[in-house]
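Here is a request from a learner: please show me how to read the secondary-structure packing of a model, feature by feature.

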Amino acid sequence: MRASRLVSILLLLQTRGRMTAREVAETLEVSVRTVYRDMESLVASGIPLYGEAGPDGGYHLLDGYRTRLTGLTADEARALFLTGLPGAAADLGLGAVAAETQLKLTAALPPEMRERAEQSRQRIHIDIPAWYQDSEETPWLSAVTSAVWNQQQVRIRYERWATPHEVIRTVDSYGVVLKAGRWYLVAGSAHGVRTYRVSRITELEPLTGTFTWPAGFDLAAHWREYLASFDARRYRDQAVLRLSPEALASIGQVLDSSAARAAEESAAPDADGWTRVVVPIESYEQALPKLLLLGVGAEVVGPPELRERMRATLAEMLARYEGDGPTQE
């Protein structure tokens, strides 16, 4: 731990130039006294490190000195593609490692490129979760990730929507996917390749056995196919709508991307200036609240049962507003 911190101090001074002991301490989240001891150790080991007192003082390396201690560890190599996703790296237990990796990469850059990299870090921030959603609790994410790294089989107890709601599965841990702020485990089992939402894993037991990586399996390609098949399984019906120009323009904010895309592809303007569209729906119960969000600029044309449910819902809503309403004290 201390050796890693000493390397971090060298890389900080190499990339940022002069720094005070307090600045180093705040960056590395250690005490100022610890920094003083580390600086003494670096000087004793022959590093050309100088400290100057005063308001403009601080520690700095001899001009022209560059450390070559920028080799990446195994964990740092894993964290390399997560250096722009600090939240995801932290979820996987690689937050500190990702920061160290980024520091080593920055130290290896020439000065002009280092400045551009720092500019990107300051001006671009990626926030994965969707609006108005809290992060899910994923107590088993670290164990899942460990199994993925080690190509290890695990036995999980899992809660799902379908019956039976609780199942036990022995799975081969192929990979993890972060989708809209939620973590998923993609794994092989006796039932084929399946996707498990990590937040719904209630128990996990690592097994001694490892598995052979399936020939030709590509996680990103599998996930794209999974999303396409998921939509095909999810949408079991269609709704025919008439939309005003305003409702048509806002449909992408109310319905998900697949439904909005279907509306765009099926759009057929009518003589009244409205547009007839066909959108996929999961069920009438699921569709009703979303279609209500389109407001007075939408009319359900069919199927007849969905139109009747919409009419009955609106009639019930209207009845609640007739008369003077409940007495307020």
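The dialogue below takes up sheets, helix contacts and aromatic rings in turn.

Q: What kind of model is this, and how are residues numbered?
A: This is a predicted model, in which local features need pLDDT of at least 70 and side-chain atom pairs count only at pLDDT 80 or more, while totals for chains, interfaces and linings use all residues. Residues are numbered from 1 along each chain as its sequence is written, and side-chain values use heavy atoms, with hydrogens and water left out.

Q: How are the strands of the sheet with order 6-5-4-3-7 paired, and which strands stand at its edges?
A: Strands of a sheet pair through backbone hydrogen bonds, either parallel or antiparallel. Strands here are DSSP runs (E, at least two residues) and helices are runs of H or I with at least four, both numbered from the N terminus; two strands pair if DSSP finds at least two bridges between them. In this case five strands form an open sheet in the order 6-5-4-3-7, with antiparallel pairing. Strand 6 (192-197) and strand 7 (201-210) stand at the edges with a single partner strand each, so one side of each lacks a neighbour in the sheet. Direction ignored, neighbouring strands of this sheet are turned by 45° against each other on average. Strand 3 (residues 152-159) and strand 7 pair in the antiparallel sense over six bridges, and the bridge partner of Tyr158 in strand 7 is Ile201.

Q: Which helix packs on this sheet, and what does it touch?
A: Contact means heavy atoms within 4.5 Å, and angles run from 0 to 180 degrees between N-to-C directions, the axes being lines fitted to C-alpha atoms, for helices over the stretch in contact. Helix 8 (residues 141-149) packs on the sheet and touches strand 3, strand 4 (166-179), strand 5 (182-189) and strand 7, its direction making about 80° with that of strand 4.

Q: How many strands form the sheet with order 9-10-8-11, and which helix lies across strand 8, strand 10 and strand 11?
A: Four strands form this open sheet, and the pairing is antiparallel. Within it, strand 8 (residues 237-243) and strand 11 are joined in the antiparallel sense over four bridges, with Leu241 opposite Val300 in strand 11. Helix 12 lies across strand 8, strand 10 and strand 11, running at about 135° to strand 10.

Q: At what angle do helix 12 and helix 13 pack, and which residues make the contact?
A: Helix 12 (residues 284-292) and helix 13 (residues 304-321) pack at about 55°, with their axes 11 Å apart. That makes helix 12 oblique to helix 13 (under 35 degrees counts as roughly parallel, over 145 as roughly antiparallel, 65 to 115 as roughly perpendicular and the rest as oblique). The contact is made by Tyr284, Glu285, Leu288, Leu291 and Leu292 of helix 12 and by Glu305, Leu306, Arg309, Met310, Thr313 and Leu314 of helix 13.

Q: Which residues do ring pairs link into a cluster?
A: A pair of aromatic rings is described by the distance of the centres and the angle of the planes. Rings of Phe, Tyr and Trp (its six-membered ring) pair if their centres lie within 6.5 Å, and planes under 30 degrees apart count as stacked, over 60 as edge-to-face and the rest as tilted. By this rule there are seven aromatic pairs, and ring pairs link Tyr174, Phe211, Trp213 and Phe217 into a cluster.
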